[in-house]
Amino acid sequence: MRLFDPHIHMTSRTTDDYEAMYAAGVRALVEPAFWLGQPRTGVSSFTDYFDGLIGWERFRAAQFGIRHHCTIALNPKEANDPRCTPVLDVLPRYLAKDGVVAVGEVGYDSMTPAEDDAFARQLEMAKEHDLPVLVHTPHRDKLEGTKRTLAVVAESGIAPERVVVDHLNEVTVGLVKESGCWMGFSIYPDTKMDEQRMVAILREHGTEKMLVNSAADWGRSDPLKVHKTGLAMLDGGFTESDVDTVLWDNPVTFYGQSGRLVLDELPGFSAAKETFEGNSVLRGGRDEAVA
Ligand SMILES: [Zn+2]
């Protein structure tokens, strides 16, 4: 199974996760910029993080045979903090960089006027930079949040096929399908959405414009959920080709709209002994444990 995880926060994961993901078939991923748990206190906290996504994390993933891409944005939660909103002025510099395949995560958390403003401004930036957009939907009041999200997307004039609306469930999938936007689903270990429910949604709504991700981060989550969804699809009667469509071709088509996906196999990655600005990544192999 060749897999693409279109939404995973690797910054908060370990090298064990990278190894397990590679073993399960993950060859490419997208890491969206989001908040850090601990609130940020200023713009430089964002820029260090963005630089890390574009540089260090991309390098770290490559050590494990996985192609890393990212999305860049002011996330909805921190759009409410006036110490953070000036980052909107530096985003264009990042949106021009290789490895940045979309604007995101944008959208709503608590649906405040500050979130309205940041969301609308970033949709404009996506149009200017000709990039797709990853839109987060709130976990509270999801139906209202999704309706309002779709209204703002429509009003912006961005083409719906360049937008994925993420963290959907049985209640919100129909609305997003009707809008022409892509549909994203985050599969969690014990809440919100699991792989069996995902299979039922695919059976009802088909495989077109469907993206499945693990959304794994620093919270309780499972970076192998894309793989487990593939297994559940096969168990549920889907073909290998259906699995390939949903778990590889679809994210490639969606993020490929950026023109910046790099998907060729990493040459001899298992023997990589490069360093990134003086930092080496210990891969755990005994033969490589000598400095
Ligand atoms: Zn996320």
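Helices H5 and H6 are oblique to each other, because angles under 35 degrees count as roughly parallel, over 145 as roughly antiparallel, 65 to 115 as roughly perpendicular and the rest as oblique. The axes of H5 (residues 113-129) and H6 (residues 142-156) come within 10 Å and cross at roughly 40°; axes here are lines fitted to C-alpha atoms, for helices over the stretch in contact, with angles from 0 to 180 degrees between N-to-C directions. This is a predicted model, in which local features need pLDDT of at least 70 and side-chain atom pairs count only at pLDDT 80 or more, while totals for chains, interfaces and linings use all residues. Residues are numbered from 1 along each chain as its sequence is written. Helices (H or I, at least four residues) and strands (E, at least two) are DSSP runs, numbered from the N terminus.

H5 passes H6 in a right-handed crossing, a crossing being right-handed if the near helix is turned clockwise from the far one by less than a right angle, and left-handed if anticlockwise. On the H5 side, Phe-119, Ala-120, Leu-123 and Glu-124 meet Val-152, Val-153 and Ser-156 of H6, where contact requires C-beta atoms, placed from the backbone, to lie within 7 Å. By class, this contact has five nonpolar, one polar and one charged residues; Ala, Val, Leu, Ile, Met, Phe, Trp, Tyr, Cys and Pro count as nonpolar, Asp, Glu, Lys and Arg as charged, and the others, Gly among them, as polar.

A second helix pair is formed by H9 (residues 225-235) and H10 (residues 240-256), which pack at an angle of about 155° with their axes 10 Å apart. H9 and H10 are therefore roughly antiparallel to each other, and their crossing is right-handed. In this contact Val-226, Gly-230, Met-233 and Leu-234 of H9 meet Asp-242, Val-243 and Leu-247 of H10, and the residues involved divide into five nonpolar, one polar and one charged. H9 also lies across strands S1, S2 and S8, running at about 130° to S1.

Those strands belong to an open sheet of eight strands, ordered S1-S2-S3-S4-S5-S6-S7-S8 with parallel pairing, two strands being paired if DSSP finds at least two bridges between them. Its edge strands are S1 (3-5) and S8 (210-213), each of which pairs on one side only. Neighbouring strands of this sheet are turned by 25° against each other on average, direction ignored. Strands of a sheet pair through backbone hydrogen bonds, either parallel or antiparallel. The table lists pairings in this sheet, with an opposed residue pair for each.

| Strand pair | Bridges and sense | Opposed residues |
|---|---|---|
| S1 and S2 (residues 26-32) | three, parallel | Asp-5 and Leu-29 |
| S3 (residues 67-72) and S4 | three, parallel | Ile-72 and Val-103 |
| S4 and S5 (residues 133-136) | three, parallel | Gly-107 and His-136 |

Strand S4 (residues 100-107) has eight of its eight residues buried, so it is largely enclosed by the rest of the structure. A residue is buried if 20 or more other C-beta atoms lie within 10 Å of its own, exposed if 12 or fewer, and partly exposed in between, with C-beta atoms placed from the backbone. Strand S4 also holds Glu-105, which is joined to Gly-104 by a cis peptide bond with omega of about -10°. Most residues other than glycine have a negative phi, and most peptide bonds are trans.

Positive phi values in residues other than glycine occur at His-167, where phi is near 60°, and at Lys-209, where phi is likewise near 60°. His-167 is placed in the loop between strand S6 (163-165) and helix H7 (173-179), and with 24 C-beta neighbours inside 10 Å it counts as buried. Lys-209 is found in the loop between helix H8 (195-205) and strand S8; with 19 C-beta neighbours inside 10 Å, Lys-209 counts as partly exposed.

The loop between S5 and H6 contains Asp-141, which counts as partly exposed with 13 C-beta neighbours inside 10 Å. Asp-141 and Asp-109 are 32 residues apart in sequence and 9.6 Å apart in space, C-alpha to C-alpha.

Terms used. Two residues are in contact if their C-beta atoms, placed from the backbone, lie within 7 Å.
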